[in-house]
Amino acid sequence: MKETKEKVNKESEVIEEQEAKSNEEQVNEVENEEKEDDADESSEPILEEQLGEAKDKYLRLYSEFENFRRRTSKEKLDLISTANKDLMSDLIPVLDDFERAMSASESSKDIKALREGMVLIQNKLNKSLENRGLKKMEVKKGDEFDDEKHEAITQIPSEKDLEGKIVDVVEPGYTLGDSIVRFAKVVVGAKQ
């Protein structure tokens, strides 16, 4: 979302700069024409007409830009709210499943059945999140520590072959598209 906001802001700034340059060029042209026509007083009504046209063009461009800016910010807000709405509608069935599981756990004494139900709910939640682009990082014991993807919580003495490598994964990391949502929290083997 931040990237989208930054892109829209940058695009707006570029458009504003281009319009400002265009307006300055028009004003400079009118001023140059006025200077040339000062010598010839008979062309004064023509200059006033051109100045009026330039002012009219400027006001139209300015109002068009303001309309564009309002429209894009409204579209941006709509896009953000729609994205959240779609995600929430995907998560509501998972919430319903949890409520049913909690009701069933009060009267049931079969632990295996409860566990199977929880596994099904977890799989449904994982599938909903994966459909939205959230992926779990594949991190396991013995992988090289990469500070671009991992967050080292602590270092512990380890075997020679695990020095500087991941000894344990405390929390998995997640990515959304190409960006990291949460770094994998790991324990790293200390060098001796």
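**Exercise 1. Strand E6 and its neighbours**

How many residues of strand E6 (residues 184–190) are buried? Work out as well which strands pair with E6.

*Solution.* Keep in mind that this is a predicted model.

Step 1. Start with cover: 6 of the 7 residues in E6 are buried, so the strand is mostly covered.

Step 2. Look at strand E2 (residues 150–157), which runs parallel to E6 and is joined to it by 7 bridges. Here alanine 152 stands opposite valine 186 of E6.

Step 3. Now turn to strand E3 (residues 166–171), which pairs with E6 in the antiparallel sense over 4 bridges. Glutamate 171 has lysine 185 in E6 as its bridge partner.

**Exercise 2. Following glutamate 171**

Find which side chains form salt bridges with glutamate 171.

*Solution.*

Step 1. Side chains of opposite charge can pair when their charged atoms come close.

Step 2. One such partner is lysine 185, with a salt bridge of 3.6 Å, N to O. Glutamate 171 is in strand E3 and lysine 185 in strand E6, so this pair ties together parts 14 residues apart in sequence.

Step 3. Arginine 182 also forms a salt bridge with glutamate 171, and the closest N and O atoms are 3.6 Å apart. Because arginine 182 lies in strand E5 (residues 179–182) and glutamate 171 in strand E3, the pair links parts 11 residues apart in sequence.

Step 4. Check exposure. Partly exposed covers relative accessible areas between 20% and 50%. Glutamate 171, at 27%, is therefore partly exposed; arginine 182 has 31% and lysine 185 has 25%.

**Exercise 3. Along helix H2**

Does the span of helix H2 (residues 44–107) agree or disagree with the value expected from its 64 residues? Then find where H2 has a kink and where aspartate 90 has its salt bridge partner.

*Solution.*

Step 1. At 1.5 Å a residue, the 64 residues should span 94 Å; the end C-alpha atoms are 95 Å apart, so the two agree.

Step 2. A kink of about 25° lies at leucine 91, shortly before proline 93.

Step 3. Aspartate 90 forms a salt bridge with arginine 132, with 3.0 Å between the closest N and O atoms. Arginine 132 lies in the loop between helix H3 (111–131) and strand E1 (134–136), so the bridge ties H2 to a part 42 residues away in sequence.

Step 4. Finish at the surface: Tyr58, Leu59 and Tyr62 make a nonpolar patch of about 320 Å². Tyrosine 58 lies in H2 and is partly exposed, at 37% relative accessible area.

Conventions:
Residues numbered from 1 in each chain as written. Predicted model: local features only at pLDDT ≥ 70, side-chain atom pairs only at ≥ 80, totals over all residues. Heavy atoms only, no water. Buried < 20%, exposed > 50% of the residue type's maximum accessible area, 1.4 Å probe, protein only. Helix = DSSP H or I, 4+ residues; strand = E, 2+ residues; numbered from the N terminus. Pairing = 2+ DSSP bridges. Patch = residues over 30% accessible without salt bridge, like charges linked within 9 Å, V, L, I, M, F, W, Y side chains within 5 Å. Areas by Shrake-Rupley, 256 points an atom, 1.4 Å probe, with all protein chains shown as cover. Salt bridge = Lys/Arg side-chain N within 4 Å of Asp/Glu carboxyl O. Expected span 1.5 Å × (residues − 1). Bend = angle between axes of the 7 residues up to and from the residue.
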